[in-house]
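Open your viewer and keep the selection box handy. This tour goes stop by stop, naming what to select and what to look for.

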Amino acid sequence: MQRTVLLSRGQWMVFGGITVTLGVVLPLLNVLLVPGHPLQVSDFTLNLYGKYLTLAVLALGVDLLWGYTGLLSLGQALFFSLGGYAMGMHLMLMIGKRGQYKSDLPDFMVFLGYPGLPAHWQPFYSFWFALAATLLVPAGVALLFGFFAFRSRIKGVYFSILTQALTYAAALLFFRNDFTFGGNNGLTDFKTVLGHELNDPGTRRTLYVLSVALLGGVFLLGRALTRSRFGQIQRAIRDSENRVLFSGYATAHYKLFIFALCAMITGLGGALYVCQVGIINPSEMMPDKSLEAIVWVAVGGRGTLVGPIVGALSVNALKSWATRAYPDLWLIVMGGLFILVVLFLPGGVVSVPGRVSAWWRRRQARRTAAGVAVAEKPVPAPGEKSAESASTP
Amino acid sequence: MKTDWILTVEGVNKTFDGFKAISDLNFYLKRGELRVVIGPNGAGKSTFFDLITGRTKPDSGKIEFGKDTDLIGLNEYQINRLGVGRKFQTPSVYTDHTVWENLQLSLKGPRGVFATLFQRITPAQRTRIDELLEVIRLQAKRDWRAGALAHGEKQWLEIGMLLAQDPELLLVDEPAAGMTDDETHRTGELLISLAGKHSIVVVEHDMTFVKQIARDGELTVLHQGSVLCEGRFDAVQANPKVREVYLGRGK
């Protein structure tokens with residue numbers, strides 16, 4: 001029962017190693033080596049990786065709800081998109097007179113005949129306001145929706161369906177031209193962020209490094225949270241909400257807190273995503289986007305913090321390849337992957353090493369028992385085994 | 001004349017979709033008393049607990065805790081914080097947490113979201129958990145995952161979790177369900193040892209167990225949502241009405 005540490009020394013080394021590789025080595029390989037060199041990381045690749053990293057942030061947001069609290073939100077992409085829109089609005093205004101119509105108004109507003117900039121767009125001239133909005137708008141929507149959902153004790157599949165309906169409703173709303181967010185074209189043609197040209201490789205590299213930093217930060221935050229008393233209660237709610245409620249904890253408050261926190265995390269991811277992808281439109285809010293994130297988490301391993309990251313990166317890499325190689329088959333591949341994981345690997349990819357070593361230990365134990373009469377090491381009882389893996393604070 | 005009631009339930013009614021689950025129920029519990037409540041299936045025992053703990057609201061009547069704390073209108077966690085602990089019929093423990101963590105999460109203390117973000121365990125709390133582990137005889141399994149415990153051990157763990165909250169009133173729903181005779185007997189001893197310090201209401205079916213824990217105390221028989229009779233075990237057992245609705249039919 002020693003003091004809780006965020007990461008053990010070995011874990012810090014792995015974490016540091018991966019962060020440095022992703023955040024320092026790859027950008028250096030991009031900038032120092034000439035294109036065509038076998039080790040050179042192209043601008044395109046770096047940008048693609050940056051996009052994956054922001055999607056991994058979305059996956060962590062999903063997992064902190066689903067894997068740790070038992071709240072399967074099928075509308076997490078809504079918060080991702082809201083963060084993206086908030087940043088997109090700022091980027092839109094930064095285009096200035098460089099748009100198609102050489103107007104101070106964003107192109108779509110000129111096209112649709114807006115008399116002037118709507119009042120709620122005004123504050124988005126400020127980058128810092130936009131940044132705050134990427135956090136606060138998703139949080140606000142989550143608080144409002146969560147307040148009513150949790151107060152009414154909406155649970156399980158009903159919660160999932162409602163979150164899906166919420167994101168779908170939002171998508172329909174954003175598809176409308178008169179909703180002042182660019183209709184189905186969304187926001188695009190961005191030129192600069194904080195004065196830096198967005199198509200400049202240096203800017204893209206910086207955005208990539210920021211994505212590494214954000215993902216690393218969210219990982220550490222998730223780690224701190226899930227190892228705190230709060231995290232214990234989170235998992236207790238997942239496993240036996242009534243017991244928690246009848247032990248004096250206002251479970252609705254806990255769920256509301258984590259729901260809003262995850263919305264903020266996800267919103268930040270969305271903001272960085274939009275900076276790197278250069279477009280945000282309502283199709284990002286469609287339910288299938290949220291469902292994809294569920295697949296990443298399931299494939300990687302829910303209820304762990306490494307799993308969603310592994311899942312988001314690997315499934316998206318697979319997607320990038322498959323949609324080029326077999327464009328018609330991708331959805332079938334993804335669906336198949338999900339089914340396979342649910343049926344045969346409920347712990348996801350990250351559970352594979354543990355499974356293999358458990359299998360190896362059983363094999364060794366059998367051999368010892370069969371070969372030599374003296375039983376050297378008995379197979380650990382189920383309780384003992386889990387005591388090892390359980391996180392004792 | 002004035003008795004120190006820990007729980008006063010008066011004229012309580014509750015109807016679910018036309019079914020009268022509780023009808024004009026009166027129930028009084030003295031501070032420190034251990035009361036056993038029996039009754040055939042559907043007599044309203046679980047609803048009775050639901051009403052006290054805030055899970056369901058009565059249609060009419062009065063439910064008071066202690067001298068004059070009205071429990072009606074409060075929700076589950078508020079009532080729990082006042083000092084009412086409830087053990088469920090099917091053991092509900094946190095299966096993925098260790099035995100130790102199960103007790104730790106149940107300890108009395110701040111329950112707010114922001115308090116738990118930075119809360120750390122104190123030495124006094126550790127000592128308390130050790131004591132509880134001894135009471136529920138799970139010292140050796142303190143680091144076990146609660147889900148890996150045997151059924152009877154889960155029941156004990158849940159009782160331990162209740163004690164960790166240090167409630168004034170314990171509502172215990174069929175604690176001996178699924179236990180061996182030996183475990184049942186030990187559970188009875190545990191409950192008896194808790195009476196006095198805590199006020200306890202036990203709902204139970206197993207008559208041997210009821211006899212063990214009721215001792216000279218009162219027994220309440222519920223039938224169709226109201227109290228059929230109250231009295232000592234022998235008197236209740238001899239009561240022809242009780243025999244008709246419950247003992248004669250069930251056993």
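**Where the chains meet**

Start with E76(B) and R153(A). These two side chains form a salt bridge, with the closest N and O atoms 2.8 Å apart. Keep in mind that this is a predicted model. How many salt bridges are there between chain B and chain A? The count is 3.

Now show the whole contact between the chains. Chain B gives 39 residues to it, and chain A gives 35 residues. The size of an interface is often given as the accessible area lost when the parts come together. Here chain B and chain A bury about 3,400 Å² between them. Carbon and sulfur atoms carry 55% of that area. On the chain B side, select E76(B), Y94(B) and L105(B). They lose the most area to chain A, together 17% of what that side buries. E76(B) therefore appears twice on this stop: in the salt bridge with R153(A), and among the residues of chain B that lose the most area.

**A buried charged pair in chain B**

Next, select D50(B) and R86(B). They form a salt bridge, and their closest N and O atoms are 2.7 Å apart. The pair ties together distant parts of the chain. D50(B) sits in helix α1 of chain B, while R86(B) sits in strand β6, residues 84–87. The two are 36 residues apart. Are they buried or exposed? Both D50(B) and R86(B) are buried.

Salt bridges that share partners also build a network: select R238(A), D239(A), D96(B) and R145(B) to see it.

Stay with R86(B) and add F246(A). The charged end of R86(B) sits over the ring of F246(A), 5.4 Å from its centre. For another charge over a ring, go to K141(B) and W144(B). There the charged end of K141(B) is 4.8 Å from the centre of the W144(B) ring.

**A lysine without a partner**

Go back to helix α1 of chain B, residues 45–53, and select K45(B). K45(B) is buried yet has no salt bridge. Which side chain of opposite charge is nearest to K45(B)? It is E174(B), 5.4 Å away. A salt bridge needs nitrogen and oxygen within 4 Å, so that distance does not qualify. Now show the surroundings of K45(B). Leaving out residues up to four places away in sequence, K45(B) touches V37(B), I38(B), G39(B), P40(B), V203(B), H205(B) and L222(B).

**Salt bridges in chain A**

Over all chains, the structure holds 22 salt bridges. Two in chain A are worth a click. First select D104(A) and K97(A), whose side chains meet at 3.1 Å, N to O. D104(A) is partly exposed, with a relative accessible area of 45%. Then select R176(A) and D178(A), which also form a salt bridge, at 3.1 Å, N to O. R176(A) is partly exposed at 47%, whereas D178(A) is exposed at 53%.

**Aromatic rings in chain A**

Switch to the rings. The count is 31 aromatic pairs over all chains. Select F108(A) and Y114(A). Their centres are 6.2 Å apart, with 80° between the planes, an edge-to-face pair. Both residues are buried. Now widen the selection to Y85(A), F108(A), Y114(A), W121(A), F174(A), F179(A) and F181(A). Ring pairs link them into a cluster.

Move on to F124(A) and F129(A). Their planes meet at 90° and their centres are 5.0 Å apart, so this pair is edge-to-face. F124(A) is buried, at 7% relative accessibility. F129(A) is partly exposed, at 37%.

One more phenylalanine: F111(A), in helix α4 of chain A, residues 107–111. F111(A) counts as exposed because its relative accessibility is 61%. Add Q100(A), 11 residues from F111(A) along the chain; their C-alpha atoms are separated by 9.9 Å.

**Two backbone oddities**

Most residues other than glycine have a negative phi. Finish with two exceptions in chain B. D24(B) has a positive phi of about 45° although it is not a glycine. D24(B) lies in strand β2, residues 19–30, and is partly exposed at 47%. R215(B), not a glycine either, has a positive phi of about 45°. Find R215(B) in the loop between α8 (207–214) and β9 (219–223). R215(B) is partly exposed, at 44%.

Key
Residues numbered from 1 in each chain as written. Chains lettered and ligands numbered in written order. Predicted model: local features only at pLDDT ≥ 70, side-chain atom pairs only at ≥ 80, totals over all residues. Heavy atoms only, no water. Helix = DSSP H or I, 4+ residues; strand = E, 2+ residues; numbered from the N terminus. Buried < 20%, exposed > 50% of the residue type's maximum accessible area, 1.4 Å probe, protein only. Lys, Arg positive; Asp, Glu negative; His and termini not counted. Contact = heavy atoms within 4.5 Å. Phe/Tyr/Trp six-rings, centres within 6.5 Å; stacked < 30°, edge-to-face > 60°. Lys NZ or Arg CZ within 6 Å of the ring centre and 35° of its normal. Buried area = accessible area lost by both parts, 1.4 Å probe.
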